[in-house]
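Biologist: Please take a close look at the salt bridges of this model and set them in the context of the whole chain. I should like the cut-offs stated as each term comes up.

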Amino acid sequence: MPVPHDPRIRKALDRALELGETGIAVAAYHRGELVVDAVAGLADAENGTPADDRTLFPVFSVTKGVTALAAHLQAERGLLDLEAPVATYWPEFGVNGKHTITVEQALSHRAGIPQMPAGVTPELMADWDWMTERIAAFTPVFPPGKANAYHVLVWGWVIGEVVRRTDPSRRPFDAFVREEICAPLGVTDFHLGVPDDDLPRVATLYGGNEFSIVDEHGISPRAVFPGSDAHNLRVVQQAVDPGAGAIATASSVARIFALLAEGGELDGVRLLSRDRVASLTRPREGAHDPDQVLPIPVWFGAAGYWLGGEHGASDPLVGDHREIVYSPGAGGSLAWADLRDRIAVAICHNNMDASAVLEPERTFAPIVRAIREIVAESTR
């Protein structure tokens with residue numbers, strides 16, 4: 001049944017457009033029910049194409065939340081031990097000082113290999129074997145397990161290859177996510193590599209090309225294609241990039257996060273146990289140590305998610321208690337699951353230079369406030 005367009009949500013989205021957004025979509029689940037699903041603005045500003053509920057938005061590192069879920073699904077099945085070395089499942093990885101790196105250290109950005117392969121291009125990034133062969137040969141930049149260093153993109157291929165290697169069918173990672181996560185949940189518009197027929201639905205990205213962070217080790221987003229110039233390329237839209245390459249509708253992303261908000265079961269489909277979902281909020285080792293890559297406070301968990309709560313969550317929008325896991329993306333995309341209050345939210349957009357990037361509390365706060373009012377009313 002379609003979700004009514006609440007005027008409060010519409011007003012908040014209109015305000016986001018006034019503040020510089022081009023196209024924006026938001027979806028929210030509460031107690032397993034879709035309560036918000038709205039879109040505003042343009043999917044393509046040059047052609048005046050409006051965004052609608054079928055528009056697919058690149059969500060960048062929001063992708064990591066789904067890739068982490070894939071790893072935990074394998075752990076739930078007894079196919080993956082998160083405390084075991086990555087090399088247990090991927091023997092070629094265990095060279096040049098990487099033999100002790102555990103899956104959990106990789107999930108929590110403590111593997112010490114945040115760099116991308118030398119000479120990588122958008123075309124080579126789309127070549128799974130090329131990427132994983134070179135990552136397997138990496139020498140750590142930081143001592144493994146000793147430093148927090150956000151693995152901007154390489155994280156996706158490390159975790160993705162571990163999932164692939166522990167899959168008895170050795171399916172490509174995109175097929176695993178599609179068949180083991182999306183299909184059971186009835187999600188059809190979450191893509192790791194957009195099919196040819198769906199490419200016209202992908203929103204055109206704007207901006208983001210000047211964004212940069214520490215480039216001391218060749219790991220700046222500028223070095224690994226963060227902005228619209230690269231991500232509007234067909235080869236990137238169709239690449240399998242488990243760290244930052246998902247292209248989806250807000251409702252699809254929110255539904256996957258709703259599985260977590262509901263303790264691992266949604267609409268009678270259980271993928272994770274309640275205990276495992278609860279464990280996602282455990283802080284990583286060295287949680288209060290500064291990150292060596294990101295110039296912002298990073299309150300990160302051992303399980304592959306950013307954490308809400310009083311210990312320095314870098315995004316105040318998600319909530320102020322500790323039973324929250326979330327995944328933010330370059331340019332401002334965001335998704336989170338509130339395990340205590342059973343809320344899941346996804347916000348997607350296509351202007352990476354909009355004010356949401358620097359002032360998310362100004363642009364997105366009215367949207368989140370409206371969602372919380374709708375949720376509060378539904379519990380009365």
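Modeller: The account below begins with the chain as a whole, turns to the salt bridges, and ends with some single residues in loops.

This is a predicted model, in which local features need pLDDT of at least 70 and side-chain atom pairs count only at pLDDT 80 or more, while totals for chains, interfaces and linings use all residues. Residues are numbered from 1 along each chain as its sequence is written, and side-chain values use heavy atoms, with hydrogens and water left out.

The secondary structure of the protein chain consists of 13 helices and 12 strands (DSSP runs numbered from the N terminus, helices being H or I with at least four residues and strands being E with at least two). The protein chain has a radius of gyration of 19 Å, close to the 21 Å that the globule rule gives for 380 residues, so it is as compact as a globular protein of that length. That radius is taken over C-alpha atoms, and the rule is 2.2 Å times the number of residues to the power 0.38. Along the principal axes, the C-alpha atoms fill a box of roughly 55 × 45 × 40 Å. Of the 380 residues, 62% count as buried (buried means under 20% relative accessible area, exposed over 50%, and partly exposed in between, with a 1.4 Å probe and protein chains only). Among contacts between residues at least 6 apart in sequence, 66% join residues at least 24 apart; contact here means heavy atoms within 4.5 Å. The accessible surface comes to about 14600 Å², and 50% of it belongs to carbon and sulfur atoms (Shrake-Rupley method with a 1.4 Å probe; for residues, only the protein chains shown count as cover).

The charges come next. The protein chain carries 33 positive and 51 negative side chains, and the centres of the two sets lie 4 Å apart. Lys and Arg count as positive and Asp and Glu as negative, whereas His and the chain ends are not counted; each charge is placed at NZ of Lys, CZ of Arg, CG of Asp or CD of Glu. Side chains of opposite charge can pair when their charged atoms come close. A salt bridge is a side-chain nitrogen of Lys or Arg within 4 Å of a carboxyl oxygen of Asp or Glu, and by this rule the count comes to 23.

One of these salt bridges joins the side chains of arginine 8 and glutamate 373, at 3.5 Å from N to O. Arginine 8 belongs to helix H1 (residues 7–18) and glutamate 373 to helix H13 (residues 365–378), so the pair ties together parts that are 365 residues apart in sequence. Arginine 8 is partly exposed at a relative accessible area of 26%, and glutamate 373 is also partly exposed, at 36%.

Glutamate 104 and arginine 282 form another salt bridge, with an N to O distance of 2.7 Å. This pair links distant parts of the chain, for glutamate 104 is in helix H3 and arginine 282 is in the loop between helix H11 (274–279) and strand E9 (306–307), 178 residues apart. Arginine 282 has a relative accessible area of 43% and is partly exposed.

In the salt bridge between aspartate 189 and arginine 201, the closest N and O atoms are 2.9 Å apart. Aspartate 189 lies in the loop between helix H7 (173–185) and strand E5 (190–191), and arginine 201 in the loop between E5 and helix H8 (228–231), 12 residues apart. Aspartate 189 is buried at a relative accessible area of 15%, and arginine 201 is buried at 12%. Elsewhere, Arg77, Asp167, Arg171, Glu179 and Glu180 are joined into one network by salt bridges that share partners.

Some single loop residues complete the account. Aspartate 267, although not a glycine, has a positive phi of about 50°; its loop runs between strand E7 (265–266) and strand E8 (269–270), and its relative accessible area of 54% makes it exposed. Arginine 342 is likewise not a glycine and has a positive phi of about 60°. Its place is the loop between strand E11 (334–338) and strand E12 (343–349), where arginine 342 is partly exposed at 33%. Serine 333 sits in the loop between strand E10 (324–328) and E11 and is buried, with a relative accessible area of 2%. Not counting residues up to four places away in sequence, serine 333 touches several residues, including Pro58, Val59, Ile347 and Cys348.
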